[in-house]
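Work through these exercises with the structure in view. Try each task before you read its solution.

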Amino acid sequence: MKYVSEFRDAELARAVAAAIASITDPDRHYKLMEVCGGHTHTIYRHGIKDLLPEQIELVHGPGCPVCVLPMGRVDEGIEIAERPEVIFTCFGDMMRVPGSKGNLLEVKAQGADIRMVYSPLDALRIARENPDREVVFYAIGFETTAPSTALTLQRAKKEGIENFSVFCNHVTIVPPVRALLDSPDLRLDAFIGPGHVSTVIGCRPYEFMPEDYGKPVAVAGFEPLDILQSVLMLMRQLDEGRCEVENQYSRVVPWEGNLQALRSMAEVFELRPYFEWRGLGFIAQSALKLSGAYADFDAELRYSTPGVRVADPKACQCGEVLKGVLKPHECRVFGTACTPDHPLGALMVSSEGACAAYFNFGRKSLEKVEIGSKQ
Amino acid sequence: MDHDGCVTCSDAGIPVRVISVEGDDALCEDAADNRARIAVELVAPVRAGEILLTHGGVAIGRVAAEAEEDLR
């Protein structure tokens, strides 16, 4: 299919990699953060790190919504799912995210009616088909996913479906990036911006990064050549002393975003005053809740969730990995107590999680050989 | 639909071609010839033949026709 295979052309990839190498200062260390978990997945799945000069370090950012979800929100979702009148629906990845007393998959095994859906519209269909049950959708994701939830709620309201509600855990990308930029323990040179989030919000929200923090940004797509080309764009900016937001993914991302989607979100959601992020703590205005006009569909109100806070397991170092302070393999339980089959932390659950990407695509063994050789 | 990523975030954005429009939905086809009904309110109006970016059964953007030029 067009727009996929062209962006996996090995010859072009080698040419872009050579162009990157030609402007890399051998005496400098570059730290580029890919904000989005989707980029982390592509980088390791396609071995992009091995095409880059050793001076360029890719740091994995907080852009996997499963990974940044605090344990308390998982526990509250489980409490709703355990109610006998509820059909609880969620995306597949959510099923295995550990709460303090287990995960949704285990609760399902114990008899709760929990169903995996591909789309929030599937959850709404289940509500239509089961008028005597309460159907709850566990909404999670950045601005890429939030429009789907908004559209689903608009359809539910229009159709007058009363047995449907949403447990809203949508988050926004800019506040955590600002928190990272304000973090004293992280020095970054530039950012690979999230592609599909930007399809919705556009490129303008990132302008504060070059203007206020002096950090170049390249909004990038998700194919291997997209990532390589965005690295080249950032390296050119650093080489030429420029600092701006560039759009590598212009075939999909309009500079102003998707105004129809933004209008839909503005009607259905409003910003929470603050929200807890795993590893990053509480960040002001970083998440969405249902607006007053959609309060009847708000599962938090319908089931009076208490807003509990639960600390991560002591052995788990997801927080440091999320901030890019630790590489996944440097976590004390990586690959031993914490594996994709038995994850302790959320970063090992999602295919976009940095730890799962390291584990699944062989970085574990390579990195450990490197560490051993340095000692 | 055909993808190799995680649906919870964004890398499961899947390009699909519009086959036909049916009200607020459109029948679309992905690279593996899978067909599915996609909600298209957020990118309306759409026409048969257009390439859309979809996420979780909802179209969130369009893929520009001159995409290949991005590579050069």
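**Exercise 1: The sheet**

Task: In what order do the five strands of the open sheet of chain A run, and which strands are at its edges?

Solution. The open sheet has five strands in the order β2-β1-β7-β8-β9 (chain A), and their pairing is parallel. Strands here are DSSP runs of E of at least two residues, and helices are runs of H or I of at least four, both numbered from the N terminus. Two strands pair if DSSP finds at least two bridges between them. Next, find the edges: β2 and β9 (245-247) of chain A each pair on one side only. From one strand to the next, the twist averages 20°.

A note on the source: this is a predicted model, where local features need pLDDT of at least 70, side-chain atom pairs count only at pLDDT 80 or more, and totals for chains, interfaces and linings use all residues. Residues are numbered from 1 along each chain as its sequence is written, and chains are lettered from A and ligands numbered from 1 in the order in which they are written.

Now take one pair. Strand β7 (residues 190-193) of chain A and strand β8 (residues 217-219) of chain A pair in the parallel sense over three bridges. A:F191 stands opposite A:V217 in β8(A).

**Exercise 2: Two helices**

Task: At what angle do the axes of α6 and α7 of chain A cross?

Solution. Locate helix α6 (residues 120-129) and helix α7 (residues 146-159) of chain A. Their axes come within 9 Å and cross at roughly 25°. Axes are lines fitted to C-alpha atoms, for helices over the stretch in contact, and angles run from 0 to 180 degrees between N-to-C directions. α6(A) and α7(A) are therefore roughly parallel to each other (angles under 35 degrees count as such).

Then list the contacts (C-beta atoms, placed from the backbone, within 7 Å). A:P120, A:L121 and A:L124 of α6(A) meet residues of α7(A), among them A:T152 and A:R155.

**Exercise 3: Two domains**

Task: Which element gives the most residues to the side of domain 1 of chain A that touches domain 2 of chain A?

Solution. Start with the bounds: domain 1 of chain A is 1-312 and domain 2 is 318-369, taken from an automatic or database domain assignment. Their C-alpha centres lie 19 Å apart. In the contact, 28 residues of domain 1 of chain A face 21 residues of domain 2 of chain A. α2(A) gives the most to the domain 1 side, with six residues. Finally, link back to the sheet: α2(A) lies across β1 (30-36), β2 and β7 of chain A, at about 120° to β1(A).

Terms used: Angles under 35 degrees count as roughly parallel, over 145 as roughly antiparallel, 65 to 115 as roughly perpendicular and the rest as oblique. Two residues are in contact if their C-beta atoms, placed from the backbone, lie within 7 Å.
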